Amino acid sequence: MTLAVLFPLLMAAVCGLLARPLGRRSGYLAALGFVPALLLAVPLAGNSVEAGGTPLAQVTNWVPELGLNFAFRGDGFSLLFAVLIGVIGALASLYSVAYLSPHERFGRFYPYLLLFGGSMLGLVLSDNLIALFGFWEMTSVTSFLLIGLWHTRSEARDGAIKAFLVSALGGLGLLAAVALLSVAGGSTLLSELDLEAVRASPLFVPALLLTLLAALTKSAQLPFHLWLPTAMEAPTPVSAFLHSATMVKAGVVLVAKFGLIFGSSPLWSGIIVPLGVATMFWGSWRALKQTDLKALLAFSTVSQLGLLMALYGLADAEGRFAATTHLLNHAAFKAALFFVVGIIDHETGTRETFRLSGLRRKLPLTFVVAGLATLSMAGLPPLGGFISKELFYEAMLHAGPGFIAVAVIGSALTLAYCARLIRIFFGDFRAPEDDGGRLLKSEIHEAGPGLLLPPALLAGAALLFGVLPASAEWLARRAGTALGFAGYEGHLELWHGVTPALLLTLLTWGLAALLVWQTARVYFLQVHLEFPVSSNRIYRGLLIGLETLASRLIAGTQGLALPDQLRITLAAAGLMGGYAVWRAPQVFQPLEGVPLSTLPIAVLLVAGALGVLLSRNRLTAVVLTGLTGFGSAVAFLAMRAPDLALTQLLIEAVTVILFLLVFRSLPGFRSLPRGRTRQIIDVGLAGAAGIGTTLLILASLRFLSPPISPYYLENAYKGGGGKNVVNVLLVDFRGWDTLGEVMVVAMVALAVGSLVRLGRRGEARSENDTAPTLPDLLDLQERRP
Amino acid sequence: METLFAILIGLLVAAGVFLMLSRTIVRVVLGLTFIAYGVNLAILTVAGLRQDSPPLLTLEGPYVDPLPQALVLTAIVIGFGTTALLLTVALRAYQVAGHDDVAAFGDNLARDPDAPDGQHADPEHLSPDLPEMDHAAETAAHLAELERLRRITR
């Protein structure tokens, strides 16, 4: 299993390296990358999974102290999903070989695709919660790269950013949820969580809500659905992969898996089921409005995801069984349809429904494939979609009458947009033209086997699931043990007698026929019925608000003059330090015996500091600074550090000389007023800094760990051959540090030299002084037209 | 003795911070020097001030801690380097700006509220972050501003 997850990542590197010589053929390598995932079908087919035997488990230690491991666990559901990812990933890779233009940047496309597939595999197989979060975010990042593949188009950029922002927001929620869960459950392994403890914990509800945030954003549920339609800016093979097996299903996986933890709470289904059903309705309503085939499919995914979410959200055996069946059906028909739309786009040059008609005559094979997949999506017999839709109705019957109504209307709308989709194949053939009336493609002919085979296989699966329901049931049952519906007795059948669900289906068909009959009126209604609040508008508003806030903040804090900026920094540091001091245990030692000899030192140090503050003459100031300098030299002597005292004395002399040199070309001390408020603030800040330093020193007087100095004292002579331990330390033990210090001094010397040489002559120019004044800015703005 | 020094160091740092917040550039440099004095003494003080022998093996033990002394030795030299560099930067700033008032040294960021990155990449294409902006108007404003500055200097 680790192999299955890591192999695509490995192949991504290989593909990236070989893309130049191989060109589009590197797609075959990419398909190869999904082979280990396909091999997971072998354990899946075995009896152990179904019978509830021990699932596959693999643990690779990473940072076990922090609970960070690559723990993979192949229970029935995870394996089923992994195989799904493998199948569609491989098909998408093969399809894209024929689909993409030879000038595409394959060195990016296939590695991104493989990274995406690999992280998705990791997400479904991971048992470790933290690794799960990691893979979750990896899918966000890689889908960002894939959606933005054609980054020269602003729509692609916008779509990528939108998808990333929305799903990363949910990702943060997941991180918090995972942390809460592992704290409450006492383990970072999903399979080892103490469910009783989690349910009893006060962290249960926050974790539930945060998990929901993650699942809803990733699976594009109602308030967060805005990113999915714009994600269709990705190349079509990617869309097929993203919409059918991966990215958007991640949230479904999360709801399915975590439903076992949270499902006991009424809050869980109370939030998911209404949102899911609402999303189903809204998605199909919007899908019916689209004229772009891909947009239609994108909104249809939103709708179908709502259905899946609602089923898993019920958190009972029946719902999970129905959802798993529909998951398989949806993956089959949605990927097939995306591939078909890719073919149509590829062969005719357009995806606009009103430009296409009668394609059945030119693309007969594509028509058959599209027909099968569409029938399945519409939920018509004898295809897989019909069976899972019946199950959906069955489940909604238990949820309540309101849910049934919305579900029926949503399904009728689904049928209607399916009709719109399939209509492009009927009628008279008309060669698609652009707005200027020119032909988009001079000749339209059937797609090659490279384009047709992947959707044909998937449509075949959709047909198989319908004609032979036992096949779908057999597959769905694999997930039974993991999702807790192993004991559920329901069976998949095309005809199960006259049940309420069947009556609902007939009602749906009637409604759909009405919708199709009144197409023009429905369209009129849709165009004129605009909702004032759209999540896209909210998103834009938030984005603009955030940008404004950020630039205001930067302009307000970074563009200030030096003293103001320092004040802000110091105030922030003071606040944080003050909080620390307030919280810290207070340690104060009494003023123990002070030798009389230190009193002159104290006087020297303080006199220098006070003198500089009061001096009005720069020469006095420098001399007084020297006073403190010499004071500290004497202090070093008193502290038994003769080397330091010597160095300090030397440096002091040089500093004074330096100041005197500089003063030749600087003006005298001017008294620049600070203003009364600033004066008070400055005194406060200085006082806080002083008191803070004092407290810090007093607090650090106790040793936190045993001192390492005895080592130096013992080894100075043996190791360094010198009797002055400080010197040996600098030159031998910390030789590299000293070398670095010498480099710093050398660089300072260079910088000082060049700065002094630059400014031989005073060249004061006012326009180089960039201080902005208010009149300046106003003047500037007035000049702008 | 440590308490006495802690208080002294606090005074030095307070004086240094107050000086750093003033507007004259030389005072800012002096303020930094005072903070450096304080920090040097603090490193030694934190290690504990005992009346033992200096860490010279020719003398009789016990010795005081040699490690902070080595650290402070480095710190003194680096502190001097910083002071020297700051002083020359101050000198150069005075030569270029024509005054030594730190509070009047501005920042380009505050200058142009329309350019998000605060500086123009080139006059033809003023703000690369906003491709859809009307560059003609922006260029005109920029040129007008340059003209105004030229008039002032003349």
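1. Leaving aside neighbours within four places in sequence, A:Arg734 is in contact with A:Leu729 of its own chain and with B:Ala70, B:Leu71 and B:Thr74 of chain B. In this model, which is a predicted one, A:Arg734 sits in the loop between helix 34 (725-733) and helix 35 (735-758) of chain A. Its relative accessible area is 15%, and A:Arg734 is therefore buried, the cut-off being under 20%.

2. A second residue of chain A that touches chain B is A:Phe636, which belongs to helix 30 of chain A. With residues up to four places away in sequence not counted, A:Phe636 touches A:Ala641, A:Leu644, A:Ala645 and A:Gln648 in chain A, and B:Asn40, B:Leu41, B:Leu44, B:Val72 and B:Ile76 in chain B. The relative accessible area of A:Phe636 is 0%, so this residue is buried. Between the C-alpha atoms of A:Phe636 and A:Ile651, which are 15 residues apart along the chain, the separation is 14 Å.

3. Chain B itself has four helices and zero strands, and its pattern, read along the sequence, is α-α-α-α. Of its 154 residues, 53% count as buried. Among the contacts in chain B with a separation of 6 or more, 39% are accounted for by residues 24 or more positions apart.

4. For the same chain, UniProt, in an unreviewed entry, places the feature "transmembrane region" at residues 6-22, 29-49 and 69-91 of chain B. In the model, residues 6-22 of chain B are 88% helix and 0% strand, and the end C-alpha atoms of that span lie 25 Å apart. Residues 29-49 of chain B are 86% helix and 0% strand, with the end C-alpha atoms 30 Å apart. The annotation comes from the record, and such annotations may be inferred rather than shown by experiment.

5. Turning to the nonpolar cores, the largest has 179 residues, and those with the most contacts inside it are A:Phe77, A:Trp227 and A:Phe258. The element that gives the most to this core is helix 17 (residues 317-348) of chain A, with 16 residues. Apart from it lies another core, of 73 residues, which includes residues of both chains, among them A:Phe659, B:Val29, B:Leu44 and B:Ala84. B:Leu44 is also one of the residues that A:Phe636 touches.

6. For A:Phe258, the contacts can be listed individually: leaving aside neighbours within four places in sequence, this residue is in contact with A:Leu129, A:Leu132, A:Leu181, A:Leu190, A:Thr211, A:Gly263 and A:Trp268.

7. On helix packing, helix 20 (residues 384-399) and helix 21 (residues 401-423) of chain A pack at an angle of about 155°, with their axes 8 Å apart. Because angles over 145 degrees count as roughly antiparallel, helix 20 and helix 21 of chain A are described as roughly antiparallel to each other. On the side of helix 20 the contact is made by A:Lys389, A:Phe392, A:Tyr393, A:Met396, A:Leu397 and A:Ala399, and on the side of helix 21 by A:Phe403, A:Ile404, A:Ala407, A:Val408, A:Ser411 and A:Thr414. By class, this contact between helix 20 and helix 21 of chain A has nine nonpolar, two polar and one charged residues.

8. In the loop between helix 21 and helix 22 (449-467) of chain A lies A:Phe426. At a relative accessibility of 38%, A:Phe426 counts as partly exposed. Not counting neighbours within four places in sequence, A:Phe426 is in contact with A:Ser357, A:Gly358, A:Arg360 and A:Phe367. The C-alpha atoms of A:Phe426 and A:Leu356 are separated by 9.3 Å, and these two residues are 70 residues apart along the chain.

9. Two backbone conformations deserve a check. A:Ala220 has a positive phi of about 55° although it is not a glycine; A:Ala220 is placed in the loop between helix 11 (204-218) and helix 12 (227-230) of chain A, and at 0% relative accessibility counts as buried. A:Arg640 likewise has a positive phi, of about 65°, and is not a glycine; A:Arg640 lies in the loop between helix 30 (618-638) and helix 31 (642-663) of chain A, and is partly exposed, with a relative accessible area of 23%.

Definitions and conventions:
Residues numbered from 1 in each chain as written. Chains lettered and ligands numbered in written order. Predicted model: local features only at pLDDT ≥ 70, side-chain atom pairs only at ≥ 80, totals over all residues. Heavy atoms only, no water. Core = buried A, V, L, I, M, F, W, Y, C linked by side-chain atoms within 4.5 Å. Buried < 20%, exposed > 50% of the residue type's maximum accessible area, 1.4 Å probe, protein only. Contact = heavy atoms within 4.5 Å. Axes fitted to C-alpha atoms, helices over the stretch in contact; angles between N-to-C directions. Parallel < 35°, antiparallel > 145°, perpendicular 65-115°, else oblique. Nonpolar A, V, L, I, M, F, W, Y, C, P; charged D, E, K, R; others polar.
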